[in-house]
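Welcome, and thanks for taking a look. Below is a short briefing to help you find your way around, grouped by topic.

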Amino acid sequence: MTSSNNHTTLDKATDPTGRLVLQPNGRPRPMSPHLQVWRWHVTMTASILFRVTIGAASVGAAMIVGVLAALASGPEAYAGLLGFMASPLGVLIAFGLTVVLFSFLLNGARHLINDTGQGLTPKAADMLSNIAVWGPVPLAILFFIGLFATGRVSL
Amino acid sequence: MSGTVQHKNGVRVSQRHGAGEWKLEKMLLAALMPLGLWVAVSAFSLTGADYAETAAWFTSKLNAGLAILTLIVFFGFSALAWKVIIEDYIHKPGTKALLIGLANLVFLALTAASVFFIVRLALGSAPLPAGIGA
């Protein structure tokens, strides 16, 4: 038997949002907020990506220290490193680190703006998150177009 | 509870470290915004440069100073950020303290190493391992 308060099935008509579950007693209730049932949202992605970015930036900074070590070890050591950096794999790593750098700047700026209590309406938060999530890729591509155009990198 | 409850402007003052750590993390992140842009500009200009050009770049006091500042601020920020990440996912007190201590140690070593290398480059010191072996 079905009534408006006591469904035995959930379909488009009774649950247009698709976010309800049937309790053992047959009553529809919202799903509990667990990682596997959260609806994807760009603000969540931006937040997760900032943690990923900090992790990647830590690795990148450690690599910079490695470059400094090679530089401080003289011309032969540095020439070996330059040879690797000019290889396709080296350029790929450099491109990845460029994405990480721009991601750190854009997502860090988003975080700082939100930390002051600004940009937290759904519209503003979505816009800032979209910039932080997608912005780094075109910026890194532009950066590398500039590097190739000025002859600093060639393959 | 030990200690007396204090108020400042009608707001209770924290009896522990309060928001100090959070504020420091935010100040370091704010400092990294202009420094990060400077890193992007520097990386662009140094790409494709050979050893002599790169070594000459580091003999500028401004470049060497900003490089040291950027790495100190970044590794300081990283240490705080990794502390927060570890605290979020590791709940066993001993393991948590060990991992935070380990992360701090790694970032301290990286900071010390980067300052050491940049100072040597800025002073135009002989290539490492100077005086060791040959």
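**The nonpolar core**

In this predicted model, the largest nonpolar core has 41 residues, and A:Ala61 and B:Phe75 touch the most other members of it. Helices from both chains build this core: at least two residues each come from α1 (42-72), α3 (88-115), α4 (122-134) and α5 (136-149) of chain A, and from α1 (20-46), α3 (61-89) and α4 (93-123) of chain B. The most is given by α1(A), with 10 residues.

- Leaving out residues up to four places away in sequence, A:Ala61 touches B:Leu71, B:Phe74, B:Phe75 and B:Leu110.
- As a general point, nonpolar side chains tend to be buried together in soluble globular proteins.

**Where the chains meet**

- The contact between the chains involves 30 residues of chain B and 28 residues of chain A.
- On the side of chain B that touches chain A, at least two residues each are supplied by α1, α2 (51-58), α3 and α4 of chain B.
- Among these helices, α1(B) gives the most to that side, with 10 residues.
- By character, the residues on this side of chain B comprise 22 nonpolar, six polar and two charged.

**A closer look at α3 of chain A**

- Helix α3(A) has 28 residues, which at 1.5 Å a residue should span 40 Å; its end C-alpha atoms are 40 Å apart, so the two values agree.
- Its buried residues are A:Thr98, A:Val100, A:Leu101, A:Phe102, A:Ser103, A:Phe104, A:Leu105, A:Leu106, A:Asn107, A:Gly108 and A:Arg110.
- What covers these buried residues of α3(A) includes α1, α4 and α5 of chain A, together with α1 of chain B.
- After α3(A) comes A:Gly117, with a positive phi near 90°.

**Two residues to compare: buried or exposed?**

- B:Leu121 belongs to helix α4 of chain B, and this residue counts as buried because 21 other C-beta atoms lie within 10 Å, where the cut-off for buried is 20 or more.
- Not counting neighbours within four places in sequence, B:Leu121 is in contact with A:Leu71 and A:Ala72 from one chain, and with B:Ala55, B:Phe58 and B:Ala64 from the other.
- B:Leu121 and B:Thr59 are 62 residues apart in sequence, and their C-alpha atoms are 6.5 Å apart in space.
- A:Ala149 sits in helix α5 of chain A, and this residue is exposed because it has 9 other C-beta atoms within 10 Å, where exposed means 12 or fewer.
- Between A:Ala149 and A:Leu92 there are 17 Å in space, C-alpha to C-alpha, while the two are 57 residues apart in sequence.

**Backbone details in chain B**

- Which two residues does a cis peptide bond join? They are B:Leu128 and B:Pro129, with omega about -5°.
- You will find B:Pro129 in the segment after α4 of chain B.
- B:Asn9 has a phi near 55°, a positive value in a residue other than glycine.
- B:Asn9 is placed in the loop between β1 (7-8) and β2 (11-12) of chain B, and counts as exposed because it has 5 C-beta neighbours inside 10 Å.

**Domains of chain A**

- The domain assignment splits chain A into domain 1 (1-38) and domain 2 (42-149).
- Taken over C-alpha atoms, the centres of domain 1 and domain 2 of chain A are separated by 42 Å.

**How confident is the predictor?**

- Chain B has a mean pLDDT of 92, with 94% of its residues reaching 70 or more.
- For the complex, the predictor gives an ipTM of 0.88 and a pTM of 0.83.

Key:
Residues are numbered from 1 along each chain as its sequence is written. Chains are lettered from A and ligands numbered from 1 in the order in which they are written. This is a predicted model: local features need pLDDT of at least 70, side-chain atom pairs count only at pLDDT 80 or more; totals for chains, interfaces and linings use all residues. A nonpolar core is a set of buried Ala, Val, Leu, Ile, Met, Phe, Trp, Tyr and Cys residues joined through C-beta atoms within 7 Å. Helices (H or I, at least four residues) and strands (E, at least two) are DSSP runs, numbered from the N terminus. Two residues are in contact if their C-beta atoms, placed from the backbone, lie within 7 Å. Ala, Val, Leu, Ile, Met, Phe, Trp, Tyr, Cys and Pro count as nonpolar, Asp, Glu, Lys and Arg as charged, and the others, Gly among them, as polar. Domain bounds come from an automatic or database domain assignment. pLDDT is the predictor's confidence in each residue, from 0 to 100. The expected span of a helix is 1.5 Å times one less than its number of residues.
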